[in-house]
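Q: Please take a close look at one strand residue in this model and its surroundings, then work outward to the packing, the helices, the aromatic rings and the cysteines.

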Amino acid sequence: MSKVKAAILGSGNIGTDLMYKLERSGLLELTAMIGIDPASEGLERACSRGYATYANGIEAIVENPGIADIVFDATSAKAHVRHAKVLKELGKLAIDLTPAARGPFISPLVNLSAHLDAPNVNLITCGGQATIPMVHAVNEVADVTYAEIVATISSRSAGPGTRANIDEFTSTTRRGLEEVGGADRGKAIIILNPADPPIMMRNTVYCQVRRMDRDAISAAIHEMAAKVKAYVPGYRLKQEPLFDEDRVTIFLEVEGAGDYFEPYAGNLDIMTATAVKVGEEFARSRLTTAQAGEGERI
């Protein structure tokens with residue numbers, strides 16, 4: 001099967017972990033790793049694995065537009081504002097792993113199919129990717145009036161980018177709970193836990209509902225957990241959902257795959273795993289369209 005060419009913009013921790021995951025993709029062909037520091041570990045690792053490497057940022061794509069059709073932006077929210085404009089002008093699909101939110105919010109199991117023609121999509125936040133599918137699942141059977149999530153991550157897995165974007169995390173995740181998850185109102189909280197040894201990512205989801213049907217809600221939660229686990233293997237329910245009058249509480253844990261991050265860094269792993277899932281769905285759509293076009297010409 002043909003593959004769609006992809007490049008990673010950002011050679012930090014996220015970009016490096018994403019590189020290892022893309023190597024296993026049957027639909028995406030990683031062609032280049034692009035950074036701004038020629039001595040970065042990410043560029044060194046990419047070079048050693050045979051990928052083209054560039055240290056001049058977005059200019060690498062401007063100068064080599066044929067290098068990729070899909071660009072994963074793992075830089076920063078501020079940088080992506082500029083990148084989004086350049087990539088759109090070049091006709092490249094941008095999959096944004098920053099909180100910049102230039103394109104529609106995407107949770108792959110919830111609304112990706114509605115945005116397969118978008119030039120830029122945003123992956124919200126790690127907390128959003130872990131919890132929005134659950135809020136959506138509950139909303140489908142019980143009508144969520146209020147959703148609150150608490151994402152607890154190890155302080156060791158919160159790098160400078162995460163720490164600098166705490167405000168963006170809470171506001172972007174809240175919007176995702178409402179606009180994608182379907183809650184009438186949402187709230188997001190992030191906690192950096194300094195425990196040693198480091199804890200895995202844990203998420204608590206509180207949903208207030210209009211229609212309390214415990215069996216239907218529990219079934220929806222378990223079904224969604226299994227679907228997320230298909231592309232984030234370390235995603236799991238910590239225990240059965242708790243019910244109290246019109247409230248449902250869901251406890252989640254995300255263990256990283258250990259490709260580049262330590263297993264406790266599930267908050268970072270879920271972003272790169274989701275990025276691959278989203279990229280592959282775009283690639284599948286493009287390949288299907290191309291094959292259909294070939295068939296019409298025969």
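A: Ile149 is part of strand β7, which covers residues 144-154. The model is a predicted one. With a relative accessibility of 0%, Ile149 counts as buried, since the cut-off for that class is under 20%. Setting aside residues within four places in sequence, Ile149 has contacts with Thr131, Thr173, Leu177, Lys187, Ala188, Ile189, Thr204 and Val205. Leu237 is 88 residues from Ile149 along the chain, and the two C-alpha atoms are separated by 15 Å.

Ile250 also touches Thr204 and Val205. The other contacts of Ile250, not counting residues up to four places away in sequence, are Met134, Val138, Asn203, Ile221 and Leu237. In the largest nonpolar core, which has 74 residues, Ile250 is one of those that touch the most other members, together with Ile70, Phe72, Ile95, Met134, Val138 and Tyr235. Helix α9 gives the most to this core, with nine residues. There is a second, separate core of 13 residues, and Ile34, Ala60, Ile67 and Val86 are among them. As a general background, nonpolar side chains in soluble globular proteins tend to be buried together.

Asn139 belongs to helix α5, residues 126-142. At 17% relative accessibility Asn139 still counts as buried, because the limit is under 20%. Beyond residues up to four places away in sequence, Asn139 touches Val144, Gly181 and Gly182.

Val86, named above in the second core, is also one of the buried residues of helix α4, with Ala77, His80, His83, Ala84 and Leu87. The buried residues of α4 pack against strands β1 (4-9), β4 (70-73), β5 (93-96) and β6 (120-122), and against helix α3 (59-63). A kink of about 25° is centred on His83 in α4. The helix has 14 residues, 77-90, so at 1.5 Å a residue a span of 20 Å is expected; the end C-alpha atoms are 20 Å apart, which agrees. After α4 comes Gly91, with a positive phi near 75°.

Turning to the aromatic rings, a search of the whole structure gives two aromatic pairs. Tyr20 and Tyr260 form a stacked pair, with 6.4 Å centre to centre and 20° between the planes. The pair links distant parts of the chain, 240 residues apart: Tyr20 is in helix α1 (residues 13-22), and Tyr260 is in the loop between β12 (247-254) and α9 (266-297). Tyr20 counts as buried because its relative accessibility is 12%, whereas Tyr260, at 22%, is partly exposed. Together with Phe261, Tyr20 and Tyr260 form one aromatic cluster.

Last, the cysteines. The structure holds zero disulfides. Cys207 is in no disulfide, and the nearest cysteine sulfur, that of Cys126, is 18 Å away; a disulfide would need the two sulfur atoms within 2.5 Å. Cys207 counts as buried because its relative accessibility is 1%. Cys47, at 48%, counts as partly exposed.

How values were computed: Residues are numbered from 1 along each chain as its sequence is written. This is a predicted model: local features need pLDDT of at least 70, side-chain atom pairs count only at pLDDT 80 or more; totals for chains, interfaces and linings use all residues. Side-chain values use heavy atoms; hydrogens and water are left out. Buried means under 20% relative accessible area, exposed over 50%, partly exposed in between (1.4 Å probe, protein chains only). Rings of Phe, Tyr and Trp (its six-membered ring) pair if their centres lie within 6.5 Å; planes under 30 degrees apart count as stacked, over 60 as edge-to-face and the rest as tilted. Helices (H or I, at least four residues) and strands (E, at least two) are DSSP runs, numbered from the N terminus. The expected span of a helix is 1.5 Å times one less than its number of residues. The bend at a residue is the angle between axes fitted to the seven residues ending there and the seven starting there. Contact means heavy atoms within 4.5 Å. A nonpolar core is a set of buried Ala, Val, Leu, Ile, Met, Phe, Trp, Tyr and Cys residues joined through side-chain atoms within 4.5 Å.
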